[in-house]
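Let's walk through this model together, from its surface to its charged pairs and one of its helices. Keep the 3D view open as you read.

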Amino acid sequence: MNVIRQKKQGRGSFIVLVILAALWLLPTVGLFITSLREKGEAQTSGWWDVIFNPFSQNWDISSYATVLTENKLASSFISSMAVTIPATILPLLFAAYAAFGFTFLSFRGREFFFSVIIGLLVVPLQGALVPVLKMFISITDKTGIEISGQYAAAWFVHSAFAMPLAIYILRNYMMTIPNTLIEAARMDGASNFTIFWRLVLPISVPALASFAIFQFLWVWNDYLIAFVFVGNERPVLTYTLLTMLGQYGEGWQAVAAGSFISLSVPLLVFFSLQRYFIRGLTAGAVK
């Protein structure tokens with residue numbers, strides 16, 4: 001009886017998950033269908049009409065060619081890559097060093113400093129925009145080095161606010177690595193630098209991939225930081241999509257095509273790293 005009951009519960013859970021996944025994917029399907037329809041048909045009927053009568057539609061891919069050429073979406077795509085890739089790699093690198101120190105090195109105040117870092121998770125990003133912007137302006141006035149308006153400004157801000165979460169995730173994962181493995185490496189004469197690069201970092205790939213997914217999606221979809229610290233001279237995709245909409249919302253079909261192009265990159269990153277995702281997040285959760 002228990003086996004039959006468990007099978008029924010499992011089947012019911014599967015059906016619920018399928019329904020939730022379908023509801024979650026519904027806006028994406030509508031976005032994709034709208035981007036392929038002719039403008040006149042898209043304005044006079046809903047995208048769901050295509051599902052019931054798909055062969056009566058005049059499919060058109062010209063909106064993709066338009067947004068890639070006339071709306072400068074290609075250059076904005078490069079700008080988003082220039083912001084997102086370094087802003088994902090930098091916090092991973094520094095947080096991995098910090099997590100290694102908090103896990104395997106003994107120093108005075110280790111738990112206190114880790115608690116302070118965890119407390120920084122509650123600091124809102126929006127509350128630090130003005131102080132950070134003033135700091136960049138002050139550095140420029142004193143050194144002549146232009147920071148604000150460059151990609152480096154977004155790298156700095158995104159990396160700084162991603163560090164607490166990255167350290168937390170990586171430290172939890174590194175705590176699952178047996179100390180006997182680290183001690184054996186030290187007895188063989190390996191330095192901390194060698195242990196980190198040759199032993200701990202390869203083992204921590206699932207945690208690194210988990211955070212990389214979070215950070216990449218966050219930075220790729222960000223509008224505020226890129227607009228404030230990079231500006232509209234090097235517009236990212238989110239800014240370009242907003243300008244494509246137009247003053248009266250007449251460019252919404254171009255936005256649909258551009259949004260689907262923008263959506264394809266995070267999906268590619270997620271599906272490429274998803275095998276590490278759950279393992280990296282749950283490691284150390286029940287230790």
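## Starting with one leucine

Is L121 buried, partly exposed or exposed? With a relative accessible area of 40%, L121 is partly exposed, because that value falls between the 20% cut-off for buried and the 50% cut-off for exposed. To find L121, look in the loop between α6 and α7 (129–143).

One thing to keep in mind as you look around: this is a predicted model.

## A nonpolar patch on the surface

L121 has company. Together with F107, F112, F113, V116, L120, V122, V123, L165 and Y168, L121 makes a nonpolar surface patch of about 910 Å².

Which helix gives the most to the nonpolar patch? That's α6, with three residues. Helices α6 (110–119) and α8 (151–174) each supply at least two of the patch residues.

## Salt bridges around E111

How many salt bridges does the structure hold? There are three, and E111 takes part in a pair of contacts worth zooming in on. In one of them, the side chains of E111 and R110 meet, at 3.7 Å from N to O. In another, E111 pairs with R171, and here the closest N and O atoms are 3.5 Å apart. R171 sits in helix α8 while E111 sits in helix α6, so this pair ties together parts that are 60 residues apart in sequence.

How covered are these side chains? E111 is partly exposed, at a relative accessible area of 43%. R110 also counts as partly exposed, at 23% relative accessibility. R171, on the other hand, counts as buried because its relative accessibility is 10%, and the cut-off for buried is under 20%.

## A salt bridge within α9

Now move along to helix α9 (residues 179–187), where E183 and R186 are three residues apart, so about one helical turn separates them. These residues form a salt bridge, with the closest N and O atoms 3.4 Å apart. E183 is partly exposed, with a relative accessible area of 40%, and R186 is partly exposed too, at 29%. Back at the other charged group, salt bridges that share partners join R110, E111 and R171 into one network.

## The two sides of α7

Next, take a look at α7. This helix has 15 residues and reaches 21 Å from its first C-alpha to its last, close to the 21 Å expected at 1.5 Å a residue.

Which residues of α7 are buried? Look for L129, V132, F136 and T140. Seen down the axis of α7, the buried residues fall within an arc of 80°, so they line one face of the helix. Turn to the other side of α7 and you'll see V130, K134, D141 and K142, which are exposed.

## How far to trust the picture

The mean pLDDT of the protein chain is 81, and 86% of its residues reach 70 or more. Where is confidence lowest, and where is it highest? The lowest is in helix α2 (residues 39–44), at a mean of 68, and the highest is in α8, at 91. Where pLDDT is low, the predicted coordinates should not be read in detail.

Terms used: Residues are numbered from 1 along each chain as its sequence is written. Side-chain values use heavy atoms; hydrogens and water are left out. Patches are made of residues with over 30% relative accessible area and no salt bridge: like charges are joined within 9 Å, nonpolar side chains (Val, Leu, Ile, Met, Phe, Trp, Tyr) within 5 Å. Accessible areas come from the Shrake-Rupley method with a 1.4 Å probe; for residues, only the protein chains shown count as cover. A salt bridge is a side-chain nitrogen of Lys or Arg within 4 Å of a carboxyl oxygen of Asp or Glu. Helices (H or I, at least four residues) and strands (E, at least two) are DSSP runs, numbered from the N terminus. Buried means under 20% relative accessible area, exposed over 50%, partly exposed in between (1.4 Å probe, protein chains only). pLDDT is the predictor's confidence in each residue, from 0 to 100. The expected span of a helix is 1.5 Å times one less than its number of residues. The arc is that of the directions from the helix axis to the C-beta atoms.
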